[in-house]
Structures are given as C-alpha cells and as structure tokens.
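Here is a walk through one protein model, starting from a single residue and working outwards. Have the viewer open while you read.

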Amino acid sequence: MLDINEAHPLSDLMNFLRSTGASTRPEISRATGLSRTLVAKYVELAIEEGLAIEGELGTSTGGRAPRMVEFNHQSGYLLLAQLGASGLSVACADLRGNIGEVSFIATDIADGPEIVLKQVEQVFKKLKNQQSGALWGIGIGLPGPVEFSTGLPMSPPIMPGWDRSLVREQFMKTFNAPVWVDNDVNLMALGEYSLNQNSKNQELIYIKIGSGIGGGIISKGILHRGAQGCAGDIGHIAVGELSNIVCRCGNVGCLEAVAGGAALAREANIAATKALSPFLQQQLKKNGVLTGTDVTQGALRGDNWCVDAITGAGQQIGKILATLVNFHNPSVIVIGGGVSSAGDLLLASIRQTVYSRSLPLATRDLEIRLGDTGDGSGLRGAAEMVMSELFSPAILTQWVEHGSPHLPITYQQGGLA
Ligand SMILES: [Zn+2]
C-alpha cells in the first residue's frame, strides 16, 4: 500500500489535475507548491497507474517546450442519483463530473427505501450496461439529514421509513463499488462550487428554497459538513415574531414554516378562500389545490397578494442570511430550489434585507445570485463528492496501486470533508 505520506503529494497533484485542463509540470509545481522533483516523481507514478496521461507539447518559455499532463478522466465512470420528495434524477458521469443524459422518475420518497432505491438500482443497471470502463464509485443525494461518515439518513422529516436505512451498504452490495451518501443541499452547494472553481466561489453559501429550506456551506473550497453532517440546515432556525406556526419538525416558528414552499402553499389556500387573490382563486378552481409554484407563478404575473408573499418570504430568508453573512463572511450566496423560480423579485427582496442588516465590510464584495435550476447542480455535486473522497489521501492509498477504486474500502470517519 502507498505510504500515507506519499499519498498527500499525489492527492494534491491529482486534485489539481482534476480541476484544470492540461498543465505542464512547471505549472503544476507553481499551483500545488510541490517541488519540481516531487512533481516529476508523482506525475510519473500517476501515469504509471493510469490516472494521468501525457498530452501535447505546451508553449516554450525559452528552452525545450514542456509536455502537458492531464487527468485521465475517461478511465472510469460514476453512477449518480439525486432523490427528492416527489421524484429522482439518475445519471452517469465521467471522472471529471461531466453528466450524461439525466433520467427523471416521478416517485414519492414516502414510499420508503425498498421501493425507491429499487427504482434507482434499475436505472443504474441500465447505465452500467452501456459503459465499458470501470465503475469508480456511486454518489447519492437524499432530501434529509445524512450522517456523512456512515451514509445513514438520520430521522429525515419527509422520509418516513428511511431512518438509519442502509443506503450505502445496499448499493455497495449490488454494484461492488464504493458509495457515498449526502444531503441533497450539500451536494447542490458542491455542484455550484465545482462548476466554477474560482477564488470567489471558495467561500460560498447555497440556499435551497423548495417545499422546505436548507443550506450548504463551502469554505476554502471544501464542503463544510460539521461534526455530524448537518451543518447549514438553516430551515429550522427560529424567526422570532411568527413563533406560533408549527413546523414539520415539531418546533414552532422555524424559517421554513414561514417562508418555504409548503408555507407559501398553506397561506395561498387561505388567501384564495378569503378572495384576496384573483389568480389564486382561479388556480384553486382549476386544480383543486394550491402549491408554492402557484404563488411563484402568480408573483411573476404581477398578482399583488403573490408578490407580497414572495417579498415577505425573501425578507424572512434575508434576515437569517444576514446573520450568516455576519458570522461566516461568504463571497457568494447562491439561491436555488423551486421557489427561486420567482427570480428577480425574490432575489431583490433577499438582497435588500441582507445588505441592510449585515456589516458593510461583509457585503462589500458579496454576490447574491440564482443557481442552476433542475437537478444539474446536485448530480454534479454528487460526482464531486465521490471524486474528492476517492482522491483524499486516506482513501487514495487504499486503491491507487490497483489503478482504479475497488472494495473493500475503509471510509473516513467523523465529520471529515
Ligand atoms: Zn422546523
């Protein structure tokens, strides 16, 4: 087995190659801080193990033109799934995290792990049959709290029957490959970061405003999971003045109970029956039920009640974000999830509240923007989760001399990122 001390420089080298296109050895040395001798040694090892390949000649800076080195991202593939409350997205990716065609299956997460994971398995098997290389790993996102070290869902509020379900073990057994499981919002944060790995995105907070509200934190370019894996779960922070509303977690006055999609739907039904919104009355008559999407749609069409509801939700979310900005000093806040389809109206309300309630220095260069819609960022994040774990020194030593990851594997314990 490769010594752990040797795994550190190899891990640095491979993580750099993963995040860039082709680079010359001097460029790798400058970027990673490894000496030229060490770069030469570990590039040779990476090529020997099939992890890197020699590319074309680079630009000469005087003498002989240096040869480019690049990550051999086609030497294997990943299987990825992002599970939501009412549907799941499944895809294959190359080792750079380029996502192939995404299959979406409408399903109810409350059907329980046996039924839902079987559906994921079926698509995985189909995708596996279309691939020729080695399956390097599997990444799964779940819509609830996950203990990252074990991959176990922990009392997830919208996932009855999933508590401590052996998601990792089931996929390991069926596909004979390493598996990582994380909360969906953490993976969306990671996906937004890995799409643009620039210095600005190194300190990023991702907020998903769907039926509930969740958050993910990237610090120094690394996902911050906290001690148990639930860092960033901001939906259940109390927003004082509306403390009589009971949240699905059992507490009263949580942020998501007053500003999430389910909260908007609840208020919309009241507004429609009180004839406060012509648009919602019409939707209720047409569909028999109102959802958060009706409120975002109404707001986009200029319905006054809906505009006020979205603005109000933005203010409540903005107040909590202002606290996070003062505490964490992010450079980027990305807003995603279904309610974010209200777009500029929601964004303006959040921005205004954050800027008026945070320290001027903390907001001087702060960017607040909308994220990718759909499951793209979550799947991309799942790929990045698997790859960053595989290339972490403690795990890299376990497989590098075989050229590709394999079982058995000892996963990292504790809250290590
Ligand atoms: Zn709550």
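## Arg248 and its neighbours

Leaving aside residues up to four places away in sequence, Arg248 touches Pro157, Ile158, Gly212 and Glu256, where a contact means heavy atoms within 4.5 Å. You'll find Arg248 in the loop between β13 and α7 (255-259). Helices here are DSSP runs of H or I with at least four residues, strands are runs of E with at least two, and both are numbered from the N terminus.

Is Arg248 buried, exposed or partly exposed? At 41% relative accessibility, Arg248 counts as partly exposed. The cut-offs are under 20% relative accessible area for buried and over 50% for exposed, with partly exposed in between (1.4 Å probe, protein chains only). For a long-range distance, take Ile47: the C-alpha atoms of Arg248 and Ile47 are separated by 52 Å, with the two positions 201 residues apart along the chain counted as their offset.

## What kind of model this is

This is a predicted model, so to speak of its local features takes pLDDT of at least 70 and side-chain atom pairs count only at pLDDT 80 or more, while totals for chains, interfaces and linings use all residues. Residues are numbered from 1 along each chain as its sequence is written, and side-chain values use heavy atoms, with hydrogens and water left out.

## The whole chain

The protein chain has 15 helices and 15 strands. Its radius of gyration is 23 Å, close to the 22 Å that the globule rule gives for 417 residues, so the chain is as compact as a globular protein of that length. That radius is taken over C-alpha atoms, and the rule is 2.2 Å times the number of residues to the power 0.38. Along its principal axes, the C-alpha trace spans about 75 × 50 × 35 Å.

Of the 417 residues, 53% are buried. Looking at contacts between residues at least 6 apart in sequence, 61% join residues at least 24 apart. The chain exposes about 18300 Å², and carbon and sulfur atoms supply 51% of that area; accessible areas come from the Shrake-Rupley method with a 1.4 Å probe, and for residues only the protein chains shown count as cover.

On the charge side, there are 31 positive and 38 negative charges, and their mean positions are 3 Å apart. Lys and Arg count as positive, Asp and Glu as negative, and His and the chain ends are not counted. Each charge is placed at NZ of Lys, CZ of Arg, CG of Asp or CD of Glu.

## A five-stranded sheet

One open sheet has five strands in the order β13-β12-β11-β14-β15, with mixed pairing. Which strands stand at the edges? They are β13 (222-223) and β15 (367-370), each with a single partner strand, so one side of each is left without a neighbour in the sheet. Two strands count as paired if DSSP finds at least two bridges between them.

Strand β11 (residues 204-209) pairs with β14 (residues 332-336) in the parallel sense over five bridges, and Ile207 has Ile335 in β14 as its bridge partner. With β12 (residues 213-219), β11 runs antiparallel and is joined by six bridges; here Tyr206 stands opposite Gly216. β11 and β12 form a hairpin with three residues between them. β11 is mostly covered, as five of its six residues are buried.

## Backbone spots to check

Two residues have a positive phi of about 55° although they are not glycines: Asn176 and Ala275. Asn176 is found in the loop between α5 (167-175) and β10 (179-183), and is exposed, with a relative accessible area of 57%. Ala275 lies in the loop between α8 (261-273) and α9 (278-287), and counts as partly exposed at 49% relative accessibility.

Where is the cis peptide bond? It joins Leu407 and Pro408, with omega about 0°. Pro408 is found in the segment after α15 (393-399).

## A helix residue on the outside

Gln352 is found in helix α12 (residues 344-357) and is exposed, with a relative accessible area of 57%. The C-alpha atoms of Gln352 and Gly318 are separated by 7.8 Å, although these residues are 34 residues apart along the chain.
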